[in-house]
Amino acid sequence: MRALFDRLLSLRSARSSGAAAETLPPALPADDATAATAERPVLLVSMLEVQPEEHPEILDKVMATFGASHKLVFLISTDAFGPFLARQSAIEYFMPIDQQILHRDLMDWPDYLAEKWALLLLKWRPASVIAYGMNVDRFLNAARAARAAGLP
Amino acid sequence: MTPALDILFVTDPRFEGGVSTALGVEIREAARLGLRTGLIIVRGPLIRRTLATHPDIAAALDQGLVARVDPQEAVTAALVLIHHPTILSNPFVPRPRVTAGRVVVVLHHPVRDASGRRQYDLAAVVKNGRMAFGRPVELAPISAVVRQGLPGLAIDGGTVLPADWDNLLDLDRWPRRPMRAPEAGAAAVVIGRHARPDPKKWPDSLEEARAAYPTPPGWRVRVLGAGDFLDALYPERPAEWDLIPFNAMPVQDFLSGLDVWVYFHGSAWLEAFGRTALEAMATGVPVILAPHFRPLFGDAALYCEPGEVEATVRSLMETPSAWGERSDAGRTFVMERFGAGRFQARVAPLIAAGRVIIEETRPKGSEVAPPSPTGSALASAAVRPTPAARPVLFLSSNGIGMGHLVQQLAIADRLPSTAKPVFATMSYAASVVREAGYATEFLPHHRNGGLDAAAWNDHFAEVLLDLLIRLRPPVVLYDSTAAFSGVMRALEVYRDAFTVWVRRPLWQEMHRRFLDAFWRFDAVIEPGELAASFDHGPTVEQRRDVLVTPPVLHLSPADRLPRPVARQLLDLPEDATVVAMQLGGGNNFPLAALQSVLVEAVLERPETLLLEIRSPVRVGPDEPPPTHPRHRVIRLFPAFRYSTAFDAAITAAGYNAFHEAILGGIPSLFVPNEAAEMDLQVNRALWADLSGCGLICRRDLHGPSARERVARLLDAAERARMVEACAFHGSVRNGADDIVRLVTDSLHLVRSDRDPAIRI
């Protein structure tokens, strides 16, 4: 993967130097807003495999405790985004384990998610990571175990 | 056991003219002979526009006359028949796993045009043909014109077959037009011409064109193959020329309405063959050509200079029996020289020789399925196991909305079992595709995290690239207006996917910056837009180069539930006037105030029932339930399935809702979302209003008249008129099927449209 990133980094350099490959703007003007809370440290809250009915309570608790001091990013394994969107929270997503098993013939999802996790840490550079339910390592291990058990 | 084919056809099926038509005849004839045939689809470098597979080749595939061959599937082929040299301009990627006997490249085009300019690199064709199939390449010119331009000596081991590979015609498909009455004379004459829409295929000057296509009183010229280029070429052309776009009608029907067929082209063009002239002859229409065509068509045609056409036509029409004699001569010529029956004699020795070569070079112990005996029933599809399904990645933007995602669902649901849809979306409605059974990855839009757009693009590129190299999809469909640089970079580094940009029309001017992304996708598709005549946005200038399909619907109108069933499932009383309301867009274009007025206006009529349909994506806090007993709220997807239960609708004018309403014949009041980043929904609503298909209600301009507009919507006579107006636009085809065809044909693609060497 490292070589791949190097390749991408060279593309980033090309962009910053105004090379032709990057003539397109990155986004619409309306999308260009930088987070008003960019200066606050990021707290990454993983809620992997937590039952959706527990989400509102956890969200409210975390927001009450850390909302003023941190920018909050929630890592979830459900596509029931409603409670997070209602609170205008930043979310990141890991495909839940049952879906990974269902679609295991497509690719190695745990490996992909491990890489995605590394990229998320680069993206957000969190000051702290806290977990409700499984932490990321346990989630990935459980996903790998489920995959191994499910393979013929 | 390796499947054994008698003939493996190799072509770029997007060729619009004689190449694909000739190949279609060969495929059908091979099927009739009981040969086992396969087809490898190539994306060559010649055509940059997004074009669908030629209908003759599409029909042959659909009818099972030829089997689609995946280049990564091991097959043997006694004869590999490559149609058109330009598809070998670059090496084939991937290299086909084909054990070939004989490899023949059919040269449909001269190496140089009339002005001496090189049209393709023959040495590269020979080299790349050998590289792809591991055998010496044999060249088969389609006519003396093409043969004349070939070098006398062998080219890099490539040799030239002794006989021309004439285009063939299946006479059964070209019914003869009725004989012209001898007494008809020259008072009324229809001159026709048919050619690809290419300015080089027209005389150099308008003066010459007027002479070649004369229009004295009573005469008309009918052109199949017209296009915008004629406006530039001949701005003041005669009014008596009837212009019909290429492929706009069956050629047979076109030819049956002509008295004479005339063809003259520009001085820089060198016509390799002239298949369209043969088709006219096959139909019994006398043909007049420039003298340089005589070596091709001999006495079967008449020859003259452009200035002599009128006199030649008059003589043909006024001389007793002349028309009938020319008609007979042309059809007989085609039958004797170019009948499809000649195909067997042409390929039989090549196939036999190819089988010997394969047998002689076959490694010991390898097993090959026995070749079919000539005359056996065609079983192309049955001789091979079904190839494993390959992933197709559906990538889409959207945040609060779900329009792009639903449009992709329309395509995914229709793909054959050889494709496995996988979604990666920025839409919060990801659950919709997950619940439909598809693997779904959610990648948040940068608005979600409030991240700087440049940093978000960098991250997005890395995650998407990682997904691509693990999933290895041969096709990626990107549905979005914004061509994010993160998306573009990941696709370009990955390289191994055929990339398709599905973009709706009606862009706002502020989106122009994304127009250049056109050149970075392999294909660009515009779903058909009923309000296209109201589109003056940036994409219009690229329209001739994109594939415009009929409107794309997730569900076709015929897929909807019968009205009684829909009413029962929604628990709606039979006697109520049901108005469905689905406005959406609350976040970027607040509509609460207008919505209150509209709701009141509907409910003040005692017979109404308002069914407010909320999106499956809940982005805000829960709203309190409505208090009025005739106001119900429901979460429903896809709502269109139940829309037969509705008497009217009040809806946004997003692509999906708008086209469902019009094509589903639902009388609607359209409330356009006029937020800056949206497509120009207001023009859809305006078009509906002015065409009688619906009504418009703009938030900032029509508030005071909103009640009146609802009153019109609830008027039964008005609604009946709207239904009638909508019926005019009813279409039997769903554009999703056209996109599925393109995706299916791209799943097993060989690419030669670019040099595969890496440049650093």
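In the predicted model, Leu395(B) has Tyr478(B) as its bridge partner in strand S17(B). The two strands concerned, S14(B) and S17(B) (residues 475-479), pair in the parallel sense over five bridges. Strand S14(B) spans residues 390-396 and is also paired with S15(B), again in the parallel sense, over seven bridges. In that second pairing, Phe394(B) stands opposite Phe423(B) of S15(B).

These pairings belong to an open sheet of seven strands in chain B, with the order S16-S15-S14-S17-S18-S19-S20 and parallel pairing. The edges are occupied by S16 and S20 (547-548) of chain B; each has a single partner strand, so one side of each is left without a neighbour in the sheet. Helix H16(B), residues 453-471, packs on the sheet and touches S14, S15 and S17 of chain B. The direction of H16(B) makes about 165 degrees with that of S14(B).

Strand S15(B), residues 419-425, is mostly covered, with six of its seven residues buried. Besides its pairing with S14(B), strand S15(B) pairs with S16(B) (residues 439-442) in the parallel sense over four bridges. Within the S15(B)-S16(B) pairing, Thr425(B) has Phe442(B) of S16(B) as its bridge partner. The chain passes from S15(B) to S16(B) by way of helix H14(B), residues 430-435, and this β-α-β crossover is right-handed.

A second open sheet in chain B is formed by six strands in the order S23-S22-S21-S24-S25-S26, and its pairing is parallel. Here S23 (631-635) and S26 of chain B are the edge strands; each has a single partner strand, so one side of each is left without a neighbour in the sheet. The twist from one strand to the next averages 20 degrees. At the S26 end of the order, S25(B) and S26(B) run parallel and are joined by three bridges. Phe670(B) stands opposite Ile696(B) in S26(B).

Helix H21(B), residues 681-690, is mostly covered, seven of its ten residues being buried. The buried set consists of Gln681(B), Val682(B), Asn683(B), Arg684(B), Ala685(B), Trp687(B) and Ala688(B). These residues pack against helix H20 and against strands S25 (668-670) and S26 (694-696) of chain B. Just after H21(B), Gly692(B) adopts a positive phi of about 80 degrees.

Helix H20(B), residues 655-663, contains Ala657(B). With a relative accessibility of 25%, Ala657(B) counts as partly exposed, because that class lies between the cut-offs of 20% and 50%. When residues up to four places away in sequence are not counted, Ala657(B) touches Thr651(B) and Ala652(B). The C-alpha atom of Ala657(B) is separated by 8.4 Å from that of Phe640(B), a residue 17 residues apart from it along the chain.

Two packed helices are described by the angle between their axes and the distance between the axes. For H8(B) (residues 275-283) and H11(B) (residues 322-338), the axes come within 6 Å and cross at roughly 115 degrees. This crossing is left-handed. The contact involves Leu278(B), Met281(B) and Ala282(B) on the side of H8(B), and Gly330(B), Arg331(B), Phe333(B), Val334(B) and Phe338(B) on the side of H11(B). By class, six of the contact residues are nonpolar, one is polar and one is charged.

Chain A has six helices and four strands. From the N terminus on, its elements follow the order α-β-α-β-α-β-α-α-β-α. Of its 152 residues, 46% count as buried. Among the contacts in chain A with a separation of 6 or more, 70% are between residues 24 or more positions apart.

One of the buried residues of chain A is Gln100(A), which lies in helix H4(A), residues 97-102. The relative accessible area of Gln100(A) is 3%, and Gln100(A) is therefore classed as buried, the cut-off being under 20%. Apart from neighbours within four places in sequence, Gln100(A) is in contact with Met95(A), Trp109(A), Pro110(A), Leu113(A), Phe139(A) and Ala143(A).

Terms used:
Residues numbered from 1 in each chain as written. Chains lettered and ligands numbered in written order. Predicted model: local features only at pLDDT ≥ 70, side-chain atom pairs only at ≥ 80, totals over all residues. Heavy atoms only, no water. Buried < 20%, exposed > 50% of the residue type's maximum accessible area, 1.4 Å probe, protein only. Pairing = 2+ DSSP bridges. Right-handed = clockwise from strand over helix to strand, strands pointing away. Axes fitted to C-alpha atoms, helices over the stretch in contact; angles between N-to-C directions. Left-handed = near helix turned anticlockwise from the far one by under 90°. Contact = heavy atoms within 4.5 Å. Nonpolar A, V, L, I, M, F, W, Y, C, P; charged D, E, K, R; others polar.
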